[in-house]
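Visitor: Hey, I've got a structure open and I'm not sure where to start. Can you walk me through it?

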Amino acid sequence: MTTTSFSAPIDDRYFEDYVPGSVFEFGSLEVDAAEIVEFARKFDPQTMHTDPEAAAKGPFKGLIASGWHSAGLMMRLFIDNYLSHVASLASPGVDEVRWYRPVRPGDRLKIRVTVMEARPSASKPDRGMVRSLVEAINQEGEVAMSMKAMNLLARRHPASAG
């Protein structure tokens, strides 16, 4: 698997720039213990996420981020680095969200994104669907989580599309 670069910057990136088979890596973000606890207290109040002492005695032997917090960190890297700032129209959803290993305080996450498919719309020639495998990878090179994202993107020259 060879990492490639986009032919266009993120503020001039359109459907045509997402080439199936391309692989990109972006990052990184450091995971902060206080943010893990703050997120979990609001959205996922389980002791493995909110109480370092209780978490140390639990099955993960320490504080871990909520999977939804991990997804949020991954999404931040995805938006900042991969998804077009000018052509992103919407997302009909994600498939196959998976959490493979805990994300812990001090971890540094990056993402690896593989363009799985880029298909022009049959009914709306001004756009296309890009399907991407997004993987959050820790500092040890281990995949912590993944998802398959679907994004509708505008085409660069919609008048000539079709």
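Guide: Sure, we'll start with the overall layout and then look at some details. One thing to keep in mind is that this is a predicted model.

Visitor: Okay, how many helices and strands does the protein chain have?

Guide: There are four helices and five strands in the protein chain. Going along the sequence, you meet them in the pattern β-α-α-α-α-β-β-β-β.

Visitor: And what does the C-alpha trace span along its principal axes?

Guide: About 60 × 30 × 25 Å. The protein chain has 162 residues, and buried ones make up 41% of them.

Visitor: What about contacts between residues at least 6 apart in sequence?

Guide: Of those contacts, 69% join residues that are at least 24 apart.

Visitor: Let's do the strands. In what order do they sit in the sheet?

Guide: The order is β1-β3-β4-β5-β2, in an open sheet with antiparallel pairing. β1 (23-30) and β2 (88-99) stand at the edges with a single partner strand each, so one side of each has no neighbour in the sheet. On average, neighbouring strands are turned by 25° against each other, ignoring direction.

Visitor: What holds paired strands together in general?

Guide: Strands of a sheet pair through backbone hydrogen bonds, and the pairing can be parallel or antiparallel.

Visitor: Back to this one. How many bridges are there between β1 and β3?

Guide: Seven bridges, with β1 and β3 (residues 108-120) pairing in the antiparallel sense. For example, Gly27 has Lys110 in β3 as its bridge partner, and Phe24 stands opposite Val113 in β3.

Visitor: And how many bridges join β3 to β4?

Guide: 10 bridges, and those two strands also run antiparallel. One residue to look at is Arg112, whose bridge partner in β4 is Glu135. The link from β3 to β4 is a hairpin through six residues.

Visitor: Which helix packs on the sheet? I can see something lying there.

Guide: Try helix α4 (residues 67-81), which packs on the sheet and touches β1, β2, β3, β4 (127-137) and β5 (143-154). Its direction makes about 45° with that of β5.

Visitor: How far apart are the end C-alpha atoms of α4?

Guide: They are 21 Å apart. At 1.5 Å a residue, the 15 residues of α4 should span 21 Å, so the two values agree.

Visitor: Which residues of α4 are buried?

Guide: Gly67, His69, Ser70, Ala71, Leu73, Met74, Leu77 and Phe78. Those buried residues pack against β1, α1, β2, β3, β4 and β5.

Visitor: New topic: rings! How many aromatic pairs are there?

Guide: The count comes to nine aromatic pairs. One of them is Phe24 with Phe26, a stacked pair with 6.2 Å centre to centre and 10° between the planes.

Visitor: Are Phe24 and Phe26 buried or exposed?

Guide: Phe24 is buried, at 2% relative accessible area. Phe26 has 17%, and it counts as buried because the cut-off is under 20%.

Visitor: What about Phe39 and Phe43? How are their rings arranged?

Guide: Phe39 and Phe43 make a tilted pair, with 5.0 Å centre to centre and 50° between the planes. They sit four residues apart in helix α1 (residues 33-43), so about one helical turn separates them. Phe43 is exposed, with a relative accessible area of 58%.

Visitor: Which residues form the aromatic cluster?

Guide: Phe6, Tyr18, Phe24, Phe26, Phe78 and Tyr82 form one aromatic cluster. We met Phe78 among the buried residues of α4.

Visitor: And what lies over the face of Phe6?

Guide: That's Arg13, at 3.7 Å from the ring centre.

Visitor: Last one. Where is Val97 found?

Guide: Val97 is in strand β2, which is one of the edge strands. Val97 is partly exposed, with a relative accessible area of 26%.

Visitor: What is Val97 in contact with, leaving aside its neighbours within four places in sequence?

Guide: Val97 is in contact with Met145, Ser146 and Met147. You could also compare its position with that of Asp80, 17 residues away along the chain: the C-alpha atoms of Val97 and Asp80 are separated by 20 Å.

How values were computed. Residues are numbered from 1 along each chain as its sequence is written. This is a predicted model: local features need pLDDT of at least 70, side-chain atom pairs count only at pLDDT 80 or more; totals for chains, interfaces and linings use all residues. Side-chain values use heavy atoms; hydrogens and water are left out. Rings of Phe, Tyr and Trp (its six-membered ring) pair if their centres lie within 6.5 Å; planes under 30 degrees apart count as stacked, over 60 as edge-to-face and the rest as tilted. Buried means under 20% relative accessible area, exposed over 50%, partly exposed in between (1.4 Å probe, protein chains only). A charge sits over a ring if NZ of Lys or CZ of Arg is within 6 Å of the ring centre and within 35 degrees of the ring normal. Two strands pair if DSSP finds at least two bridges between them. Axes are lines fitted to C-alpha atoms, for helices over the stretch in contact, and angles run from 0 to 180 degrees between N-to-C directions. Contact means heavy atoms within 4.5 Å. The expected span of a helix is 1.5 Å times one less than its number of residues.
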